[in-house]
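Visitor: Hi! I have a structure open and I'm new to it. Could you walk me through it?

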Amino acid sequence: MKRFYFLITGFLIFTGINANAQSDSVKNYVVSALDLMKAKSVNKHRINWDSLYMDSRKKAESLHTVRETYPLIKNILGALKDAHSNFFPPEMVKAYTLGYRATGQEFPVIETKMTENQIAYIKLPGIACYHFAEWDEFVNTFYKKIEELNAQKPKGWILDLRDNGGGMFYPMFAALSPMLDKKNVIGTIDAEGKYAFYDYDDKGNLYEGKQLAHHFNVKNIPQRITKPMVVMVNKKTSSSGEFCTVAFAGQKNTTVIGQNTMGLTSGNQEYKLSDGAFLILTIGNIVDRNKKEYAKVGEGFTPSILLKDLSEAQYMKTASEILLKK
């Protein structure tokens with residue numbers, strides 16, 4: 001009987017230790033997410049962190065597994081009050097890293113044409129995957145399309161960003177780089193007022209500020225386009241699509257037409273948590289080449305020429321009139 005008693009007592013002690021360890025693991029997971037938010041969020045100076053930590057720890061006490069913390073973390077992100085911060089569980093992260101084809105999705109289509117007025121038209125779609133080989137394919141395909149259009153000696157260019165709902169900005173920025181007239185045309189400003197401009201060189205290196213953010217395996221980067229250009233946008237142009245739009249703000253011989261973009265003008269960064277989930281945090285707001293900040297959620301970018309008629313015919317007619325006049 002005595003031995004049996006000790007066995008039971010030992011089991012209860014072990015179970016208690018295991019439960020405490022699991023509880024600590026859950027709390028640590030939540031606290032690590034909070035630590036990232038406190039360090040990186042563009043709105044970090046507007047938050048009562050002591051209160052948020054205390055409330056979050058208390059709620060985590062009733063949770064038993066890391067997966068049970070996901071709704072809590074999503075709820076905490078809401079306290080940051082920005083347009084983009086989000087949480088991706090490991091299975092969603094895996095789908096992003098596998099890319100389009102491995103998950104049975106259609107790869108983004110880059111449409112081109114030469115109009116009867118000898119104007120080159122190219123559409124830049126959003127790309128929403130974290131598969132680097134597909135990033136390279138996207139960029140190289142865009143370059144090839146530019147070269148094919150250039151060979152036909154266009155009088156001007158139309159870049160269509162309508163319905164570009166965003167995704168990963170790096171491949172989009174690399175793709176349209178030959179259409180930009182200079183460096184330091186798009187960047188972000190963080191909570192401390194620090195600027196970080198994006199830069200892309202002729203070796204396929206993309207920088208965010210002074211830091212190398214990504215290297216693209218590119219074949220031939222087209223020569224810089226100097227002909228007049230029209231950029232088309234609409235309300236569905238959002239997020240990274242708006243980054244692309246703002247890159248042309250103030251560019252000579254370039255006119256943006258359409259309607260105000262969606263207004264999700266913030267810079268975001270992915271942070272990997274211990275179980276493979278991603279914490280997506282808004283770490284800054286867009287700034288253009290003149291350091292104008294686009295901070296107000298929902299305001300968006302206002303085109304130089306606003307269209308009431310948003311039909312395809314009116315967009316093309318307006319673009320052609322602008323370019324042929326120039």
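Guide: Happy to; we can start with the whole chain and then look at single residues. Keep in mind that this is a predicted model.

Visitor: Okay, how many helices and strands does the chain have?
Guide: There are 8 helices and 14 strands in the chain.

Visitor: And what box do the C-alpha atoms fill?
Guide: Along the principal axes, the C-alpha atoms take up a box of roughly 100 × 40 × 40 Å.

Visitor: What percentage of the residues is buried?
Guide: Of the 326 residues in the chain, 48% are buried. The accessible surface is about 16800 Å², and carbon and sulfur atoms account for 52% of that surface.

Visitor: What about contacts between residues that are far apart in sequence?
Guide: Take the contacts between residues at least 6 apart in sequence: 72% of them join residues at least 24 apart.

Visitor: Switching to charges, how many positive and negative ones are there?
Guide: The chain has 42 positive and 34 negative charges, and their mean positions are 2 Å apart.

Visitor: Now the inside. Which residues touch the most other members of the largest nonpolar core?
Guide: Those are Leu-124, Met-179 and Ile-186, in a core of 48 residues. Several elements each supply at least two residues to this core, among them strand E3 (119-123), helix H5 (132-150), strand E4 (156-160) and helix H6 (169-176). Strand E6 (195-200), strand E9 (229-233) and helix H7 (240-246) do so too.

Visitor: Is there a general idea behind such cores?
Guide: In soluble globular proteins, nonpolar side chains tend to be buried together.

Visitor: You mentioned Met-179. What is Met-179 in contact with?
Guide: Leaving out neighbours within four places in sequence, the contacts of Met-179 include Ile-122, Phe-142, Ile-146, Trp-157 and Leu-159. Further along the chain, Ile-225, Met-229, Phe-248 and Gln-251 are also contacts of Met-179.
Guide: There is also a second, separate core of 26 residues, with Tyr-53, Tyr-70, Ile-73 and Ile-76 among its members.

Visitor: Gln-251 came up there. Is Gln-251 buried or exposed?
Guide: Gln-251 has a relative accessible area of 6%, so this residue counts as buried. Gln-251 sits in the loop between H7 and E10.

Visitor: What does Gln-251 touch?
Guide: Not counting residues up to four places away in sequence, Gln-251 touches Met-179, Leu-180, Asp-181, Met-229 and Arg-289. With Asp-181 there is a polar contact: a polar atom of the Gln-251 side chain lies 3.1 Å from the backbone nitrogen of Asp-181.

Visitor: Any backbone angles I should look at?
Guide: Try Asn-253, in the loop between H7 and strand E10 (254-258). Asn-253 has a positive phi of about 60° although it is not a glycine. Its relative accessible area is 44%, so Asn-253 is partly exposed.
Guide: Asn-184 is another non-glycine residue with a positive phi, of about 55°. You'll find Asn-184 in the loop between H6 and strand E5 (186-189), and at 42% relative accessible area Asn-184 is partly exposed.

Visitor: Back to buried loop residues. Where is Leu-161?
Guide: Leu-161 lies in the loop between E4 and H6, and Leu-161 is buried, with 0% relative accessibility. Its contacts beyond four places in sequence include Leu-124, Val-231, Met-232, Val-233 and Cys-244.

Visitor: And what about Ser-41, is that buried or exposed?
Guide: Ser-41 is buried, since its relative accessible area is 1%. It is in the loop between helix H1 (2-40) and helix H2 (49-60). Apart from residues up to four places away in sequence, Ser-41 touches Leu-36, Leu-80, Asp-82, Ala-191 and Thr-282.

Visitor: Which loop residue could I look at on the outside?
Guide: Look at Thr-226, in the loop between strand E8 (211-215) and E9. Thr-226 is exposed, with a relative accessible area of 64%.

Visitor: How many Å separate Thr-226 and Asp-275 in space?
Guide: From C-alpha to C-alpha they are 48 Å apart, with their positions 49 residues apart in sequence.

Visitor: One last one: where is Glu-68?
Guide: Glu-68 is in the loop between H2 and helix H3 (70-78). Glu-68 is partly exposed, at 34% relative accessibility. Glu-68 and Leu-180 are 46 Å apart in space, C-alpha to C-alpha, and 112 residues apart in sequence.

How values were computed
Residues numbered from 1 in each chain as written. Predicted model: local features only at pLDDT ≥ 70, side-chain atom pairs only at ≥ 80, totals over all residues. Heavy atoms only, no water. Helix = DSSP H or I, 4+ residues; strand = E, 2+ residues; numbered from the N terminus. Buried < 20%, exposed > 50% of the residue type's maximum accessible area, 1.4 Å probe, protein only. Contact = heavy atoms within 4.5 Å. Areas by Shrake-Rupley, 256 points an atom, 1.4 Å probe, with all protein chains shown as cover. Lys, Arg positive; Asp, Glu negative; His and termini not counted. Charge placed at Lys NZ, Arg CZ, Asp CG, Glu CD. Core = buried A, V, L, I, M, F, W, Y, C linked by side-chain atoms within 4.5 Å. Polar contact = N/O pair within 3.5 Å; in protein donor to acceptor, adjacent residues only side chain to side chain.
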